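Please look through the sequence and the structure shown here before reading on. The paragraphs that follow walk through the model step by step.

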Amino acid sequence: MEIRKYTYDIRGDERGNLVALECMKEIPFDIKRVYYITDTQTDVVRGHHAHKNLKQILICVHGSCKIGLDNGKEKAEVLLDKINEGLYIESDMWRTMYDFSEGAVLLVLASELYDEADYIRNYDEFINYVNNK
Ligand code: T46
């Protein structure tokens, strides 16, 4: 499976770090929604779903977490632990997020507004969906 990870410039100086992200430059889609995940305990696994259309960039802006990816044929695990590293997740990808470090903050930039109808939350349904495409 091809993992699309982006490394962004850190505009750091003696005052600290700044990472700037612009649509169609660092982010390969127009951002319609931003959300962030905090205070997830180390033993909690989030996600367990896929999206039919949504594309997202995930950046762990504090601490670390792991992302499990599954396209129905192959699986992969990606560690996010850098403020300037973005993981691109295409549609039709089952994902889980786990192993959150204490205080981890996972920032997500999304190509679409929130739409529950875009979610596939049942794994068997996901496998049928990708196999029939
Ligand atoms: C994804 C991974 C990486 C909203 O009301 N608006 C939103 O934009 C989102 C993302 C969620 N919600 C509500 C829906 C649930 O009642 O927030 C609650 C928690 O959402 P969910 O259980 O889907 O969260 P995660 O962490 O399992 O998954 C989220 C995104 O939903 C999903 O699109 O790819 O993060």
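**From a covered strand to the ligand**

Strand 5 is a mostly covered element, with five of its six residues buried. As the model is a predicted one, what is said about this strand and about the rest of the structure describes computed coordinates. Strand 5 spans residues 65–70 and runs antiparallel to strand 6, to which six bridges join it. Two pairs of residues help to place this pairing in the sequence: Ile67 stands opposite Val78 in strand 6, while the bridge partner of Leu69 in strand 6 is Ala76. The two strands form a hairpin with four residues between them, and in the turn Gly72 has a positive phi of about 95°.

Strand 5 also pairs with strand 8, again in the antiparallel sense, and here five bridges are found. Ile67, already met as the residue opposite Val78, also stands opposite Met97 in strand 8. In general, the strands of a sheet pair through backbone hydrogen bonds, in either a parallel or an antiparallel way.

These pairings belong to an open sheet of five strands, whose order is 6-5-8-3-10 and whose pairing is antiparallel. Strand 6 (75–80) and strand 10 (119–120) each have a single partner strand and stand at the edges, so one side of each is left without a neighbour in the sheet.

The first residue of the run 65–70 that makes up strand 5 leads to the cysteines. Which cysteine sulfur is nearest to that of Cys60, and how far away is it? A search of the whole structure finds zero disulfides. Cys60 is accordingly in no disulfide, and the nearest cysteine sulfur, which belongs to Cys65, is 4.2 Å away. Seen from Cys65, the closest cysteine sulfur is the one in Cys60, and no bond is assigned because a separation of 4.2 Å is too far for one. Both residues are covered by the protein: Cys60 counts as buried at 1% relative accessibility, and Cys65 is buried with a relative accessible area of 1%.

Another buried residue lies outside the strands, in the loop between strand 7 (85–89) and strand 8, where Asp92 is found. Asp92 has a relative accessible area of 16%, and it counts as buried because this value is under the cut-off of 20%. The side chain of Asp92 is joined to the side chain of Lys133 by a polar contact of 2.8 Å.

The ligand is the last part of the picture. It is surrounded by 13 residues, and the closest are Arg33, Arg46, His51, Gln56 and Tyr119. By class, this shell has five nonpolar, four polar and four charged residues. Several side chains place polar atoms beside oxygen atoms of the ligand: an N or O atom in the side chain of Arg95 is 2.7 Å from one, a polar side-chain atom of Tyr35 lies 3.2 Å from one, and a polar side-chain atom of Arg121 lies 3.3 Å from one. On its own the ligand has 650 Å² of accessible area, of which the protein covers 67%. The elements that give two or more residues to the shell are strand 2 (33–37), strand 3 (46–51) and strand 8 (94–98). Strand 3 gives the most, with four residues. Strand 3 and strand 8 also stand in the order 6-5-8-3-10 of the open sheet, which brings the account back to strand 5, the partner of strand 8 over five bridges.

Terms used:
Residues are numbered from 1 along each chain as its sequence is written. This is a predicted model: local features need pLDDT of at least 70, side-chain atom pairs count only at pLDDT 80 or more; totals for chains, interfaces and linings use all residues. Side-chain values use heavy atoms; hydrogens and water are left out. A residue is near a molecule or strand if one of its heavy atoms lies within 4 Å of it. A polar contact is a pair of N or O atoms within 3.5 Å; within protein, one must be able to donate a hydrogen and the other to accept it, and residues adjacent in sequence count only if both atoms are side-chain atoms. Accessible areas come from the Shrake-Rupley method with a 1.4 Å probe; for residues, only the protein chains shown count as cover. Ala, Val, Leu, Ile, Met, Phe, Trp, Tyr, Cys and Pro count as nonpolar, Asp, Glu, Lys and Arg as charged, and the others, Gly among them, as polar. A disulfide is a pair of cysteine sulfur atoms within 2.5 Å. Buried means under 20% relative accessible area, exposed over 50%, partly exposed in between (1.4 Å probe, protein chains only). Two strands pair if DSSP finds at least two bridges between them.
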